[in-house]
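Student: Could we go through this protein together? I'd like to learn how to read what's packed inside.

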Amino acid sequence: MSDARPVAPDLFVAASDGARLLAGRCRSCARHHFPASPVCPYCGADGAAAEPVGPTGRLWLWTVVTTRPPGYRGTLPYGFGVVELDRIGLRVVTRLTETRLGHLHAGQPMRLVVETLCADDDGTPVEAWAFAPEGEA
């Protein structure tokens, strides 16, 4: 068992068949949102429940980040984009494992992965989710 910790609690889980994001699903309007919260951001109803979603989707938007944002301790450059999850249509703002813009295109199949982002001050590995082009995950 790894001694790694997630970058933040309750954002993703590792399942036997791969990683999943924890999205909220509204009991009133049935829409998904990420990250999960008990209040639906679309209709305002209370009582949304977290459920695992993913791991596949399609790339919508992408860029490469070459300057470190405040508090970011991961490697540079890194891919950044929007992936629409298959079956539920939820669009997730996400890190991408691919940093070569010429290797990304609209509608590209993507797969959720969990990878080590950086290490804490005490050396504990910190894990985060990202999407990788299908076939590279």
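Here is a short chat about cores, rings and one glutamate, E98, all in a predicted model.

Student: Which strand gives the most residues to the largest nonpolar core?

Tutor: That core has 18 residues, and L21 and W129 are among those with the most contacts inside it. Strands β3, β7, β8, β9 and β10 each supply at least two of its residues. The top giver, with three residues, is β3.

Student: Is E98 buried or exposed?

Tutor: First, find the spot: E98 is in the loop between β8 and β9. Buried means under 20% relative accessible area. E98 has just 4%, so we call this glutamate buried.

Student: Which side chain does the side chain of E98 make a polar contact with?

Tutor: Don't mix this up with plain touching: E98 touches residues including H103 and E136, leaving aside those up to four places away in sequence. The polar contact, at 2.7 Å, goes to the side chain of R100.

Student: Is the pair of F12 and W129 stacked, edge-to-face or tilted?

Tutor: A pair of aromatic rings is described by the distance of the centres and the angle of the planes. Stacked needs under 30 degrees and edge-to-face needs over 60, with the rest being tilted. F12 in β2 and W129 in β10 sit 117 residues apart in the chain. Their centres are 6.5 Å apart and their planes are at 55°, so this pair is tilted.

Student: Which residue lies over the face of W60?

Tutor: Two such cases are worth a look. R31 lies over the face of Y42, 3.7 Å from the ring centre. For W60 the distance is 3.4 Å, and the residue is R91.

Definitions and conventions
Residues numbered from 1 in each chain as written. Predicted model: local features only at pLDDT ≥ 70, side-chain atom pairs only at ≥ 80, totals over all residues. Heavy atoms only, no water. Core = buried A, V, L, I, M, F, W, Y, C linked by side-chain atoms within 4.5 Å. Buried < 20%, exposed > 50% of the residue type's maximum accessible area, 1.4 Å probe, protein only. Helix = DSSP H or I, 4+ residues; strand = E, 2+ residues; numbered from the N terminus. Polar contact = N/O pair within 3.5 Å; in protein donor to acceptor, adjacent residues only side chain to side chain. Contact = heavy atoms within 4.5 Å. Phe/Tyr/Trp six-rings, centres within 6.5 Å; stacked < 30°, edge-to-face > 60°. Lys NZ or Arg CZ within 6 Å of the ring centre and 35° of its normal.
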